[in-house]
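Thank you for making room for me this morning. I would like to walk through one structure with you, slowly, and I will start as soon as it is on the screen.

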Amino acid sequence: MSQMIATSKVKAVIGTGITGLSVARFLAAQQQAFVLLDTRTTPPNLEKVQQEFPGVTIECGELNPHTLLACDEIIVSPGVAVATPAIEQAKNAGIPVVGDIELFVRYAKAPIVAITGSNAKSTVTTLVGEMAKTAGINVAVGGNLGTPALELLGDAVELYVMELSSFQLETVTKLNAKVATILNISADHLDRYENMRAYILAKLRVYFGAEHIVVNRKDVLTHPPFAAGAKPIYFGGSADFGSFGLTEENGEEYLAKNLTPLMPSRELTIRGRHNVDNALAALALGDAAGIPMDAMLTALKSFKGLKHRCEFVATKNGVEFYNDSKGTNIGSTLAAVQGLARDPQQLIVILGGEGKGQDFTELAPALKAINSQVVLIGRDAPIIEQAVASATTITHASSMQDAVHKAFNLAKSGDAVLLSPACASFDMFKNYEDRGEKFCAAVQELNAS
């Protein structure tokens, strides 16, 4: 390894993944000295990092407090907990600890739409981006989704639409967004956070300095502290003044602003009741950001949703299959189950994987309320079975292909099969995309008569 750069203006970049690389490239372009650290002994892209930054010190393995104490700022990747002892020691010594989003905010010249939540972040972020594009706005979309924040920066950008995770928000001081939202909050990442309160407090940081705040009328945990300053704009539920909600016109349900009908909900291409809320959230955000209403409605009518998020896959023998592999926590799966519930027909749900310390008993009432069956896969299948066995019928499967076959055999015409695991995927798959693709492949292989 090379020697530490001899200057008092050295930044420490912790993490050599996608975000860490974007930070390193940004600092290099700014001609700022930095060192790279990764808590893994052999990061998967170490050789690439060494080739791209040949003169930069790279330290792998347990973080060295002396390295961090010699730097004037520490930039932490979202996957690295700020509570790591060496980082805490540096922080206590007065060294600022930030993330890529804090750097992004320092340099971004265009207004920011900031979107967080336990679920639906990617769908709403992409949808608001499509609304802006339809209006002819030069929009940059990314953050926790797709392109890292620092790679979006550009003088020609007129609007930033950013998906932000709780991990990214932990290191944000003041986001100063044009409009910010927490779409919903449910238990997630409790393997990283001490408790739900700590998780919620991280999410609430999205509101710091926001000009407009969009909150979920049906989820009190998304509501900002009284000191937030901006008057909330609500989405969800029945329409009234100061909100985007639902109203009835000539016996038909409409999406509405205040009490003014905008479009029939049946004209949405995205499926499920939870996607009606996602559409309302996107309208509220876009309206506060100044996107013209006609462009937003045009985009809504053509938006087909994202892969692995309640994605319609195929119909086999009258049985519909939906891929919601991005459903990696209980809240996301609840939204999908309730959104696709189809009594008197059955909804057969494929659950399981790495449970991340969640309490799966929260799924039981939703499964009991509808005609459901569950097919279980993955490491924490026994934990899920114990939590929901009293509410539904359980079948175990050894692989995704086995799960799809068993679900198909349990179903009859008019039923639906939903992959929404409520778990992380790493016990059996590379990631949630890999899990979803294997589900889709198994569905296509079914021999429908």
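**A strand and its partners**

Let me begin with a single pair of residues: I115, which belongs to β6, stands opposite E163 in β8. What we are looking at is a predicted model, so please keep that in mind for everything that follows.

The pair I have just named is part of a longer arrangement, in which β6 and β8 run parallel and are joined by four bridges. On β6 there is also a pairing with strand β9, residues 179-182, and this one too is in the parallel sense and has four bridges. Within that pairing, the bridge partner of I115 in β9 is T181.

Which way do the residues of β6 point? I112, A114 and T116 point one way, whereas V113 and I115 point the other way, and all of them are buried. In other words, the strand is mostly covered, with five of its five residues buried.

**A helix that is largely enclosed**

From the strand we can move to helix α5, which covers residues 100-107. Why do we call this helix largely enclosed by the rest of the structure? Because six of its eight residues are buried, where buried means a relative accessible area under 20%. Those buried residues are D100, I101, E102, L103, F104 and V105. They pack against several elements, among them α1, β4 and the strand we have just left, β6, and they also pack against β8 and α7.

**A buried serine**

Next, please find S243, which is in strand β12, residues 243-249. Is S243 buried or exposed? It is buried, because its relative accessible area is 1%. Its side chain makes a polar contact with the side chain of R217, at 3.1 Å. If we leave aside the neighbours within four places in sequence, S243 is in contact with R217, and also with Y234, S238, A256, K257 and N258.

**A pocket**

Rolling a probe the size of a water molecule over the atoms shows where empty space is left. The second largest pocket holds about 320 Å³ of space. Of the 14 residues that line this pocket, the closest to its centre are V82, A83, K91, E170 and Y193. Two helices, α4 (85-92) and α8 (196-204), each supply at least two residues of the lining. Sorted by class, the lining has seven nonpolar, two polar and five charged residues.

**Two backbone angles, and one more helix**

Most residues other than glycine have a negative phi, and most peptide bonds are trans. With that in mind, consider H308, whose phi is positive, near 70 degrees, although it is a residue other than glycine. H308 is found in the loop between α10 and β15, and it is buried, with a relative accessible area of 4%. N317 also has a positive phi, of about 55 degrees, and is not a glycine. N317 lies in the loop between β15 and β16, but is partly exposed, with a relative accessible area of 34%.

Finally, L334 has its place in helix α11, residues 330-340, and is buried, with a relative accessible area of 17%. Beyond its neighbours within four places in sequence, L334 is in contact with E362, L363 and A366. How far apart are L334 and I377? They are 43 residues apart in sequence and, from C-alpha to C-alpha, 18 Å apart in space.

Terms used: Residues are numbered from 1 along each chain as its sequence is written. This is a predicted model: local features need pLDDT of at least 70, side-chain atom pairs count only at pLDDT 80 or more; totals for chains, interfaces and linings use all residues. Side-chain values use heavy atoms; hydrogens and water are left out. Buried means under 20% relative accessible area, exposed over 50%, partly exposed in between (1.4 Å probe, protein chains only). A polar contact is a pair of N or O atoms within 3.5 Å; within protein, one must be able to donate a hydrogen and the other to accept it, and residues adjacent in sequence count only if both atoms are side-chain atoms. Contact means heavy atoms within 4.5 Å. On a 1 Å grid over the protein atoms alone, a cavity is a set of points where a 1.4 Å probe fits but cannot get out, and a pocket is an open set with protein on both sides within 12 Å along at least five of seven lines; lining residues have an atom within 4 Å of a point. Grid points are joined across faces, edges and corners, and a volume is the space filled by probe spheres set on the points. Ala, Val, Leu, Ile, Met, Phe, Trp, Tyr, Cys and Pro count as nonpolar, Asp, Glu, Lys and Arg as charged, and the others, Gly among them, as polar. Two strands pair if DSSP finds at least two bridges between them.
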